[in-house]
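Me: I have a chain to study and would like to go through it in short questions. Please answer step by step.

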Amino acid sequence: MNGRRISIRSLLYYMLRKLWLILALAAIFGLLLAGYKYKKDKASNAALKKEETGSNLTESECSDVENAALQYRYAMETEAYLNTSPLLQINSKEEEQVIVEYRMLLDTGAELSTGTVENAYLQLLRSYINDGMYISDLTQISHDYDKHAFLKELIWCNNSGGGEFTLGVIRFPQYPKLAEDVRTVVETYMEKLMKEEPRLKITPMKEGTVFLYDATTDSAQKSTYSNMVSYRRAYMNAYTGFTAAQQSYFRYLTGYMKEDTEEEVKDTKPVFSWKFLVVGAVVGLAGGVALCFILLFLSSKHATPSDYSENLGLRNFGLITTKGAKRHPVREWFMKKELKTSLFDSDEESVEYAAVRIAAYCDNHGVDKIAVLSSDSTDAVQSAVSDLTSALRRQEVDLIATEKVGKDSRALTELVSTGQCILVEQLRGGNRLKAAELLQFCKENDVDVIGAVGVMGASVS
């Protein structure tokens with residue numbers, strides 16, 4: 001009587017009855033877990049925002065981070081520009097170049113002296129070309145030219161001496177008409193010079209395509225790469241020397257290492273998590289099932305016929321079905337499957353079956369009068385006792401209806417005087433612990449409990 005076995009079908013039936021409890025636990029656990037996640041993320045996000053905005057840093061620490069952020073932004077802007085600029089996309093040693101050679105004359109057949117050319121008009125012309133002054137005129141032809149400050153690295157002008165000079169243009173795929181456009185603006189500038197000095201004549205002598213080593217572009221590329229590396233090292237060294245809070249502020253200002261922090265920021269964003277709601281609901285369902293098992297195991301209510309036969313140690317005389325309860329198809333199905341009462345075609349047959357077995361026992365043991373023992377007198381039990389009394393009377397056995405023995409002390413007296421009794425209990429309606437106490441009372445007062453009859457408050461008719 002200290003142990004109890006519970007079948008799976010009994011547990012399923014009990015869970016069906018306690019379905020509201022399981023669903024309530026699933027909802028509570030789901031909301032609690034999702035709410036906890038939301039609250040935790042909100043707190044984490046607030047702490048992250050505080051750390052990102054630098055509000056927890058000293059003025060000196062903020063200044064160091066902001067200076068490093070300026071270096072980072074300048075380096076990124078420079079690198080972004082250089083990645084699309086002509087300077088780093090040409091091969092200064094193997095690029096095809098378009099050249100045009102010009103000659104400058106002051107009078108017909110009379111060449112200008114070298115000093116006059118270099119110190120006057122040729123100097124102006126070379127400055128116009130080599131210093132990129134032509135770009136302002138070039139952008140009037142196409143606005144695409146003003147996007148690259150390093151465009152001037154594609155154009156050069158050399159003095160060959162004797163009044164001759166060469167204009168060179170490195171081909172660049174992005175500007176297929178660059179050589180033609182540069183020659184147009186340069187010769188327009190030459191015409192301007194010749195208007196200022198009517199005796200000056202500038203005429204093209206030779207043009208073509210050559211492959212030349214461009215030392216100027218090569219030097220500019222090396223210098224640019226060096227500067228890019230220097231800036232990158234500067235901000236990276238500063239970043240690695242920062243504290244965790246300073247690094248967070250640096251990322252906030254610059255987006256540095258954004259790819260590594262996006263998932264972290266996403267995870268801490270305070271949003272309602274359906275994932276945690278589902279997980280919590282599953283945990284709640286599992287907890288509800290476990291709780292139902294515990295409640296069923298500890299419950300004083302009868303669950304199976306084993307509470308009479310095995311757990312209470314009594315002979316089982318059968319199961320009586322009654323019409324005293326409202327029909328419940330699902331409950332009846334579980335009861336019938338669990339208690340194997342499908343052999344009864346009617347409530348009357350279940351009563352006759354129990355009466356025949358009880359009468360056979362009484363005849364074999366010389367008993368002609370028995371009392372009723374019950375922990376609680378429900379409508380179903382009273383109906384079953386009444387039907388059973390009538391059936392046993394036909395078998396010449398008197399059944400004394402002391403079914404209120406669990407509540408009425410006079411019934412106990414009658415029970416003791418009778419000397420024999422039968423336990424009549426309603427399944428899932430009787431009190432198992434109370435029944436155990438009554439059985440102990442019978443044992444102490446030499447009352448023979450010949451067996452038990454279960455009562456199911458659901459008709460099979």
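Me: In which loop is Glu153 found?
Reply: This is a predicted model, so local features rest on residues with pLDDT of at least 70. Two elements flank the loop: helix H6 covers 135-138, and strand E3 covers 155-161. Glu153 is found in the loop between H6 and E3.

Me: Is Glu153 buried or exposed?
Reply: The cut-off for buried is under 20% relative accessible area. Glu153 has 13% relative accessibility, so Glu153 counts as buried.

Me: Which residues does Glu153 touch, not counting residues up to four places away in sequence?
Reply: Sequence neighbours up to four places away are left out here. What remains is a list of six names, given in sequence order. Glu153 touches Leu87, Ile170, Asp214, Thr216, Thr217 and Ala220.

Me: How far apart in space are Glu153 and Asn130, C-alpha to C-alpha?
Reply: Along the sequence, Glu153 and Asn130 are 23 residues apart. In space, C-alpha to C-alpha, the distance between Glu153 and Asn130 is 8.3 Å.

Me: Now to a helix pair. Why are H5 and H7 described as roughly antiparallel?
Reply: H5 spans residues 121-130 and H7 spans residues 178-196. Their axes come within 11 Å and cross at roughly 150 degrees. Angles over 145 degrees count as roughly antiparallel. H5 and H7 are therefore roughly antiparallel to each other.

Me: Which residues in H7 does H5 meet, and how many nonpolar residues does the contact have?
Reply: From H5 come Tyr121, Leu124, Leu125, Tyr128 and Ile129. They meet Val185, Val186, Tyr189, Met190 and Leu193 in H7. By class, the contact has no polar and no charged residues, and its nonpolar count is 10.

Me: Is the crossing of H5 and H7 left-handed or right-handed?
Reply: Handedness describes how one helix is turned against the other. For H5 and H7, the crossing is right-handed.

Me: Next, the sheet. In what order do its five strands stand?
Reply: The sheet is open, and its pairing is parallel. The order is E6-E10-E9-E7-E8.

Me: Which strands stand at the edges of this sheet?
Reply: An edge strand here has a single partner strand, so one side is left without a neighbour in the sheet. That is the case for E6 (316-321) and E8 (398-400).

Me: What is the bridge partner of Ala371 in E9, and which residue in E10 stands opposite Cys421?
Reply: E7 (residues 369-373) pairs with E9 over three bridges. E9 pairs with E10 (residues 448-456) over seven bridges. In E9, the bridge partner of Ala371 is Cys421. In E10, the residue opposite Cys421 is Val449.

Me: Why is E9 largely enclosed by the rest of the structure?
Reply: E9 covers residues 420-426, which makes seven residues. Of the seven, six are buried, so E9 is largely enclosed by the rest of the structure.

Me: Which helix lies across E6, E7, E8, E9 and E10?
Reply: H15 (residues 409-418) lies across E7, E8 and E9, so E6 and E10 are not in its list. The helix asked for covers residues 379-394 and runs at about 140 degrees to E9. That helix is H14.

Me: What percentage of the chain's residues count as buried?
Reply: The chain has 16 helices and 10 strands. Of its 461 residues, the share that count as buried is 43%.

Definitions and conventions
Residues numbered from 1 in each chain as written. Predicted model: local features only at pLDDT ≥ 70, side-chain atom pairs only at ≥ 80, totals over all residues. Heavy atoms only, no water. Axes fitted to C-alpha atoms, helices over the stretch in contact; angles between N-to-C directions. Helix = DSSP H or I, 4+ residues; strand = E, 2+ residues; numbered from the N terminus. Parallel < 35°, antiparallel > 145°, perpendicular 65-115°, else oblique. Left-handed = near helix turned anticlockwise from the far one by under 90°. Contact = heavy atoms within 4.5 Å. Nonpolar A, V, L, I, M, F, W, Y, C, P; charged D, E, K, R; others polar. Buried < 20%, exposed > 50% of the residue type's maximum accessible area, 1.4 Å probe, protein only. Pairing = 2+ DSSP bridges.
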